[in-house]
Each structure stands twice: as C-alpha cells, then as structure tokens.
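The following text goes through one sheet and the helices that lie on it, and then through two chain interfaces.

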Amino acid sequence: MGNNVSKKDAFAKHLKGMLGGLRVTLRTMLKPAVTVQYPHEQEAPPTRARGVIALLEENCTVCMLCARQCPDWCIYIEGHKEKRPARREGGKDRTVSVLDRFDIDYALCMYCGICVEVCPFDALHWSPEFEYSESSIAHLLHDKDKLGEWEATVPVAEPLEIGAEVKGKK
Amino acid sequence: MSENTEVEVGATMSPENLELLGRVSAALGAEAIIESAQAVGDLVVRVANASWREAAKACRGALGFNYLSFIGGIDWMPAPVVGGEAGDTSSPVQPAEQTYGAAGSAGRFQVFARVASTSVPRSGLTLKVDLDEESPAVDSWVSIYPGADWHERETWEMLGIGFNGHPSLRHLYLPAEFEGNPLRKDFPLLAREVKPWPGLVNVEPMPGEDVEEEAE
Amino acid sequence: MPKFEVDPAVHRGLADARLNVEIDNGDMILNLGPQHPATHGTLRLVVRLDGERVVASDVVIGYMHRGYEKLTEYRTYPQITTLINRIDWLSSFANEVPFVHAAEQLMGIEAPPRAEYIRTALTELSRIATFLLFLGEMGLQVGAITPAFYGFRDREYVLNAIESATGGRFHPNFNRIGGLKDDLPWGWIAETRESMRKVLKSCDEFEDLVVSNPIFQKRTRGIGIIPAELGASYGVSGSNLRASGVDWDLRRDGKPYLVYNDLDWKVWTHSDGDSFARYWVRLQETRESARMVLQLLDVMPSGPVMTKVPKIIKVPEGEVWVNTENPLGEMGYYVISKGATGPFRVKIRTASLSNVSIAPWLLRGVYLPDIITVLASLYFILGDIDK
Ligand code: SF4
Ligand code: SF4
C-alpha cells in the first residue's frame, strides 16, 4: 500500500473486504446444513462404490487366478476335487473343484478390484457395503461364509451414460 | 548397446532431437558425449563421467534448460530370482542377462537426470552418466541446480552412489541407522520373502483316492 | 538418540526428537512436527530462530516413505496403477494417467477418444478436489476456520462425482492400459455439470471470503517470495511456479496429452511469487478446471472406452519419460521396460518433493508465524514427498 492511499481509503477497503466475507458466511448460515449425522442418518454410497467383495461360491472353480493376481497377496484359497454325477443322463461323471477355504484379509486388501476383474467365472462382485469395521484387526479376515453373505448386498449394474458403447455379446 | 552407432541412431531421430543433439555437442564438446538415442520422442544423451558437471553447466547455461526435473539412478543388474523353489513367483520375470536401455551403459550403475526449459514448450533432455561399478560416484549438481540436493541424497541412500562435492550427503528418507541400498537389485524386498505367495498353494489334488488323503 | 542423522556442522545442537525446544548459542532451535497439525502429516521441520526470525531450517522427511520405486519392480503393470494412485492421495486419478500413458506409448497403443475425454474430465475433477481443500485449508493456517469447512463441503461434491464414476473416492484405479475400466454411469454428466456450477459459485465465495480479506492479505502478501529462476532450478513446478510469473503449464507446453488442446482454456500466472499469489493462482485454476470440465461434458464423444489389449500385458523393451501437469506440479514417470509383464525400473518424479526442497531457502528470514503460511501455500501432500 503506497503512501498515496489515505488511511481512510485503506480503512474503507478493509471494511469492504470484511463485510464481503461476512456476507458469504451469513448466506451460508441461512442455508440448510449439508452435513449428515452419520450413525443416525445414512447416505447411500453409489452403486459402483468398492465397499466389500462378495463371493458367489457356486461359481468359483478354484482356478486361483484372483489369488495370483492380487497385488497384496491377501486372498487365501484352498480347495479339492470331487466327483459329481453327470449333468446329462448317461454322461460321464464330472470332476469339480470345491472350495475349502476362501479368505480375504481386508486388513491388507487395498480395494483395487483386480480380483473381481480377473475372475473368469463371475464369482466375485463388488458390494458398496462398508460398515464392517472391527475392533480387532484379525477379525477383518473374512472367510467364505462371510464373503458369501455379502452377495445379498450386491447391486444390479446400473445403465451407462449416453454415448457409451453398447456391449455386444461376448 | 555398443552396436548402436551414432549413424544408426541418428537415422531414426526426429529433426528436433537431431538439432538439439547438435546444440548439446556444441555446448559440451563432442568428445564428452559417448552415445545418444531417442526414447519415444525424447533425446537421451550419455555423457562421460568426467563431464557430468560440465553437462549441467551447459544445460543451465547455453542450452537454456533452467528447470531440473529429477535426478535418479539405475541399477542395470538383473534382480536375483527369489522364491525359486517352485519356479513361480508373482513378480514379473525380467530377462536374466544384463542389458542396457537407451544410449547404453558401461556397467551396472548409471545416474540419469532430466532437465527442461520453462520458456520453450516441449523441451527437455535426459542425461545419463556411467559410473564405476566398485565405487560408483559422480560429480554433484548442487552448485548448478540447487534442487539437485534432495534428489542426490535420495540416489545416494537408495543406490549407494556417491556425489562428489555434495554439501551434506545424508539420509533423506531412511533412518540414519539403515544399512544397505534398497533400490539395488540385490537388495531383497522382504515383504515378498517373509510370506509365502498364496498363489503357490496346491489347490487341486488328484481326484479319486487322493481326495480322502487330502481330507485327513 | 536422534533418529535422523543430521550434519552437525550445519545444524549444531539440533533438537532432539524428545525435546521441543533447546537453547544454543542464543539461537533457539524449534522442532515442528513430525506430528504437527500445520505440517499436513508427518513432515518434520527443524528451524533455528533468532528472536522471531528464522535463521536456518531443515526439513526432515521420510516418515511415510513407502518405497514405491522398489515396489513397482515387484509388480505387474495392472497392479502398479492401483499402487501409484496412493502417491498423492488427493489427486489419485491424476497420478495414474502419466503411468498408463507411459505403458501405452511403449506398447504403441492409444486409448479411444471417449476414454481420453473421460480421463481428462476426471483428472480435472481431481485437480478441483485437491485445490478446494487447499483453498479452505490455507484460510485455516492464517486463523480462519470457516473456509476450511467450505472447502471440505465443496470438495465433497467433486469426490461424489469421482466416486460414482470410478467406485473409489480416493483411489479410483479406473485407468487401464488402453482405456478405462468402464464407461460412465447413467446420469453422471448431468450431475457433474450441476456440481461444477456449485464449484464455480464456491470459487466466488472464496474470493469474497479469503482473497479480499485484509487480514489474509496482510498475512500472505510479500511473504515467502520464490524468484522465478531460482524456483525453476529447484524444480518447483505447477501453480507454485506459475505464481512466480512463469507461464509454463505442461497441459499446454508439455508433450500433448489427453485432450487439452481441444479445449478453450487459459494458463493463469501471477507476478508476485508470494504466498498470496500461490493462493490466487490456485483459485483461478480451480475455476478454469471447472470450466474445462463443463466443456468436456458438452463435447464428450461416444464410442468405446477400451482398445484391444492382450489379456496378459507385456510392455515391449524400451524406456519412456512421461510427465504431466498434476495438481501439485510436474509429475512424471521414467519407465524402463525389458519386455516383461512388469517394469524393470520406474523413476517416479513427484511434484511435492521438489516443491518442498526449496523450503529451507524460502523460510530463511521469515517470522515464526509465517512458517506455517509459507509451508501451507507451497501445498504439498506428504505421500507425494515421501513416495
Ligand atoms: S481388491 Fe483386495 S483382494 Fe482383490 S486383488 Fe485387490 S487387494 Fe487383492
Ligand atoms: S478367480 Fe474366480 S473362480 Fe478363480 S479362484 Fe478366484 S473367485 Fe474362484
């Protein structure tokens, strides 16, 4: 501020700056609050939110792809093979792989979604559910039953925006 | 590598890079430049160890590169294969022989730096310098680009490369008691060694009798 | 036992981590951090004071060093995109873009136009989210609490837009080599347009509330001046350098990337180079980004968002340097590939490391309370310094 600006002008300028700010706060004060009182009020996360991974056990063939691709090494899978009767009358018995163990350690998981993407049999899905915090880190290891329960919360995929390519049959 | 002669490289270089290379060799002297190459549109020049500080001076002065982007180091040694018992790890398998990237290298360690000009759009130059394998060291750039300070400290602690003339070469990221140079290829990443890879678990035993065996 | 080795000749009698204040030779050594609310995380600042003036200072970093450069050597390309968006966690999407571009350039593929447009929109959204936080927080550092709330409130609109498109508020991992994971969800364009209007309005609010506030101006004008030439030689980039009058923005002046050339926008500079200029430039850039997003939403082309890529991505041998204008400054990856499924070496150039490396120079001679405002106006993210 140069000397040519009189004290009075400077004061007027300061006052104007202050009042401008007060006007903003006053306007905001009159608007309804934007905060959500979380445990009492809930906001639905978007459909795509990566909250928790759900496992559809029937689809899993124990191919291990997800466990191998996981950057954090936090999927633990064990399985064995079983004979099942043939699907069609008179066919040969089938050999299927059955899961013994499917654990995801959410204490390590970084929610990248690689496992969901690489699964060739559509056995893993994202659910936007997020309220599964635990007081002990060990409880963040979800076994296959718990992962199966999340399946009920998986939303149907939403439609895409205008201009998106319509996916043909694969 | 060494077969990549200047002529061959020059033939594949864009006119802008050829022009820049001409200016670099005029400012530095042709004998200081060991090799040059183009890496996806960018000029990479490998200079002699003794000319490293001269190169910085030329960059900041005659070439007008007033901006220091980064200084880093490369260890060209192939990383020893870990978790070899099963022959299968989740980390990518790199070629076993030691090869060098654009503009080549005389040995295992290299320091590379990127400078640019804030007044010329799309300008920039990558410089590389060879180091001695036993006691890798090169001149410091701090007196020319003050921003080199932290980058050189990082390179020193991560790769064990000395910088002659650096005012205080001390740890930047790691605690003072830390031993070893983590970015060297022979420094193991413990997180990948203390825990077996879950992808290695034998999932599928043979059907039939083996199933009962496995169930026990 | 000091945890970090500091050259005794430079900082005699450096404060012990356990002690906060120690008197030595009449000068006072003050230890700020690593757990200090003004240092945005775990940055430790050791300053030597003469009275209230800073004589010398040293920045101790590394409390959050995660070794990304090493980690990338043990991961495949798709695994790395999810890792690197944690470098600068406020603008994660923008971190992914240069790396994906590097891999794409080595492979000689290009993402379809729609993917590039969406990438640009999301990059600008993350820039807005980052800057809104700064615009609010900077107020907090000079003692005004209200702007911080406004900043967080408005950032929420942007984060919601990012989340509904990518599935992650902070870690989108939405980029794939060759395109994007998915197209946008239904209704996203209309919602984002609405959010951008809100952002533009809140920029005006910040102008009234913070910029024209006489107290804020007194605390920031003429303080922490970075001379343009010195800043560049320190590697200071982005808005910090533009606030010193350097008209250099990689979106316009770098190798062409994304679709910035198709947009009508302007690079803002300020000639002062002080804390105020840095605030002002970021405020203008927030506006400019919001306008850019609005333009992008209007001209979004239709089509696929993913090119054909092999199922197992192997990047051919070669090396490439890709740098982009991230919210905090120049971010770049020097990727060296040897034809494997993962890179051989990735040198990560983060903006904050270079931006903060000028701090010891910048803090010399400033008054103690101004340390906080100068640091805040440099605007760094600890993850971006520590890698
Ligand atoms: S989302 Fe989690 S479990 Fe799945 S691959 Fe990523 S880190 Fe692993
Ligand atoms: S990739 Fe899918 S099918 Fe294969 S083990 Fe994982 S969940 Fe099961």
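Two strands are taken as paired if DSSP finds at least two bridges between them. By that rule, in this predicted model, five strands of chain B form an open sheet in the order E1-E2-E5-E4-E3, with mixed pairing. The edges are held by strand E1 (33–39) and strand E3 (67–75) of chain B; each has a single partner strand, so one side of each is left without a neighbour in the sheet. On average, and ignoring direction, neighbouring strands in this sheet are turned by 20° against each other.

At the E1 edge, E1(B) pairs with strand E2 (residues 42–47) of chain B in the antiparallel sense, over six bridges. Within this pair, B:Ala37 stands opposite B:Val44 of E2(B).

Two helices of chain B can be placed relative to these strands. Helix H3 (residues 52–60) of chain B packs on the sheet and touches E2, strand E4 (109–116) and strand E5 (125–130) of chain B. The direction of H3(B) makes about 170° with that of E5(B). Helix H4 (residues 148–159) of chain B lies across E3 and E4 of chain B, and H4(B) runs at about 10° to E3(B).

The next step is from the sheet to the interface of chain B with chain C. In this contact, 61 residues come from chain B and 60 residues from chain C. About 5,100 Å² is buried between chain B and chain C, and carbon and sulfur atoms give 57% of that area. On the chain B side, the residues that lose the most area to chain C are B:Tyr67, B:Trp150 and B:Tyr173, which together account for 15% of what that side buries. B:Tyr67 falls within strand E3 (67–75) of chain B, and B:Trp150 within helix H4 (residues 148–159) of chain B.

The rule finds seven salt bridges across the interface of chain B and chain C. One of them joins B:Glu154 to C:Lys387, with the closest N and O atoms 3.1 Å apart. Across this interface there are also 22 residue pairs in polar contact, both residues being at pLDDT 80 or more. E2, E3, E4, E5 and H4 of chain B are the elements that give two or more residues to the side of chain B that touches chain C. The largest share of that side, nine residues, comes from E3(B). Sorted by class, the side of chain B that touches chain C has 33 nonpolar, 15 polar and 13 charged residues.

Chain C also meets chain A. Here 42 residues of chain C are in contact with 33 residues of chain A. Chain C and chain A bury about 3,000 Å² between them, with 53% of it on carbon and sulfur atoms. C:Gln79, C:Trp186 and C:Pro214 supply 17% of the area that chain C buries against chain A, more than any other three residues.

Between chain C and chain A the count is four salt bridges. Among them is the one in which the side chains of C:Arg75 and A:Asp72 meet, at 3.7 Å from N to O. Twelve residue pairs are in polar contact across the interface of chain C and chain A, both residues at pLDDT 80 or more. On the side of chain C that touches chain A, the elements giving two or more residues are helix H2 (77–84), helix H5 (146–166), helix H6 (188–211) and helix H7 (214–220) of chain C. H5(C) gives the most to this side, with eight residues. By class, the residues of the side of chain C that touches chain A divide into 16 nonpolar, 14 polar and twelve charged.

How values were computed:
Residues numbered from 1 in each chain as written. Chains lettered and ligands numbered in written order. Predicted model: local features only at pLDDT ≥ 70, side-chain atom pairs only at ≥ 80, totals over all residues. Heavy atoms only, no water. Helix = DSSP H or I, 4+ residues; strand = E, 2+ residues; numbered from the N terminus. Axes fitted to C-alpha atoms, helices over the stretch in contact; angles between N-to-C directions. Contact = heavy atoms within 4.5 Å. Buried area = accessible area lost by both parts, 1.4 Å probe. Polar contact = N/O pair within 3.5 Å; in protein donor to acceptor, adjacent residues only side chain to side chain. Nonpolar A, V, L, I, M, F, W, Y, C, P; charged D, E, K, R; others polar.
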